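Q: Please take a close look at the charged side chains of this model and the salt bridges they form. I would like a connected account that sets each pair in its surroundings.

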Amino acid sequence: MMGLFLRKMENLSKLKQHPSQFLSMTSLTVEEFEMLLDSFDPHCTKYFYYHTLQGKPRKKISFKEQKNACLKGSGLKLFFLLSYFKNYPLQQFHASYFGVTQAKVSQLVKVLLPILEKTLKGMGLVPSTTPGQLKSELEKYQVWEANMDVTEREVNRSSDNEVQKEFYSGKKKRHTIKNNLLTEPSQYILYLSETYEGTVHDKKICDIEKYSFPEKFLLRYDLGYIGYSPENVTIEKPHKNTKLKPLTGQQKLENKIISGKRVPIEQAISGVKRLKVVADKIRTFCREFRNSVMKIACAIHNLRVWSHVRAYTCARINLNF
């Protein structure tokens, strides 16, 4: 068994020597992984002092990891979780790669997911999820311009006919869930809404959550939000083309300019969906898991935006270590 642990650690060390492979496995560079590990390690170590792998409180504090631990060390646990989110394989396949059982994979994901979410939140990377605090957040970081859009994720089709109708998206022709995103021009994600069923219209999400913005704020959105006009906000939206009122040459030019300014939010959504757990059809019906993985995907994208090894130009915040 000890030989198996050594091979796992050796494989991780060897993988770090091949940056392109490590990036494809985790969506992070080796430097970004080590940066995240510095914050993840204390949370992970502290958790397993007081809890077992099953999440039950220990009768006696354990200051040393057990010799028969299935994944030894915080680095291997973080790599295990990130590679699962990045590739979203069947748990049986992931179990065979790490030399554990499928039941252990399920247990580890459930235990490590909230630890990673807590780590990213402590680093200041998780976007705001409270509509009432959005205005104060924007004023705090002096953000006066943002793009808004909705991203959809495919889910399993329910056997209940009424539930099917709620989750059926007429736009995607599939059963989906959706979240509203607000991003800076640098692609940094400022806000992530609650998760809604696929039938809920984009504008209705804004009406439900009742956003408020600072004065003289510039908000840019697409035709899915037509009719949404918050107070004291300048709106940039494309002109709608109809049969009775086709677009003029001037309006087509304006639409082209606006679509060019909205490119960062499309790139941000693409960055979030580098993790296949939010890009592919999600296989669980657990609402809490669906919400948590979306927060983590947005936070990891923000980490890449903030990282000095990337080509982004975001200097809005400093990470909290």
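A: In this predicted model, a search of the whole structure finds 14 salt bridges. One of these pairs is Lys171 with Glu152, whose closest N and O atoms are 3.8 Å apart. Lys171 lies in the loop between β2 (168-169) and β3, whereas Glu152 belongs to strand β1, so the pair ties together parts that are 19 residues apart in sequence. The two partners can also be described by their accessibility: Lys171 is exposed, with a relative accessible area of 58%, while Glu152, at 8%, counts as buried because the cut-off for that class is under 20%.

Glu152 is also among the residues touched by Lys178, a lysine placed in strand β3 (residues 174-183). At 4% relative accessibility, Lys178 counts as buried, and its side chain has polar partners there: it reaches the backbone oxygen of Val200 at 2.8 Å, and it makes a polar contact with the side chain of Asp202 at 3.1 Å. Leaving aside residues up to four places away in sequence, the contacts of Lys178 include Val150 and Thr151 as well as Glu194, Thr195, Tyr196, Glu197 and Gly198, and Ile205 is also touched.

Two further salt bridges lie within helices. In helix α8 (residues 161-167), Lys165 and Glu162 are three residues apart, which means that about one helical turn separates them; the closest N and O atoms of this salt bridge are 3.9 Å apart, and both Lys165 and Glu162 are exposed. In helix α9 (residues 202-209), Lys203 and Asp207 are four residues apart, and therefore are likewise separated by about one helical turn. The closest N and O atoms of the Lys203 and Asp207 pair are 2.8 Å apart. Lys203 counts as partly exposed at 22% relative accessibility, and Asp207 counts as partly exposed at 36%.

Beyond these pairs, salt bridges that share partners join Glu145, Arg220, Glu236 and Lys261 into one network. Side chains of opposite charge can pair when their charged atoms come close.

The strands around this network deserve a description of their own. Arg220 belongs to strand β6 (residues 217-220), from which Arg220 and Leu218 point one way and Phe217 and Leu219 the other way, with all of these residues buried. In a regular strand the side chains alternate between the two faces of the sheet. Strand β6 has a parallel partner in strand β1 (residues 145-154), to which it is joined over three bridges, and here Glu145, a member of the network, has Leu218 as its bridge partner in β6. Strand β6 also pairs in the parallel sense with strand β7 (residues 233-236), over four bridges, and within that pairing Leu219 stands opposite Ile235. Glu236, which the shared salt bridges link into the network, falls within the residue range of β7.

Taken together, the pairs cover several settings: Lys171 and Glu152 tie a loop to strand β1, Lys165 and Glu162 share helix α8, Lys203 and Asp207 share helix α9, and the network includes Arg220, a buried residue of β6.

Technical notes:
Residues numbered from 1 in each chain as written. Predicted model: local features only at pLDDT ≥ 70, side-chain atom pairs only at ≥ 80, totals over all residues. Heavy atoms only, no water. Buried < 20%, exposed > 50% of the residue type's maximum accessible area, 1.4 Å probe, protein only. Helix = DSSP H or I, 4+ residues; strand = E, 2+ residues; numbered from the N terminus. Pairing = 2+ DSSP bridges. Polar contact = N/O pair within 3.5 Å; in protein donor to acceptor, adjacent residues only side chain to side chain. Contact = heavy atoms within 4.5 Å. Salt bridge = Lys/Arg side-chain N within 4 Å of Asp/Glu carboxyl O.
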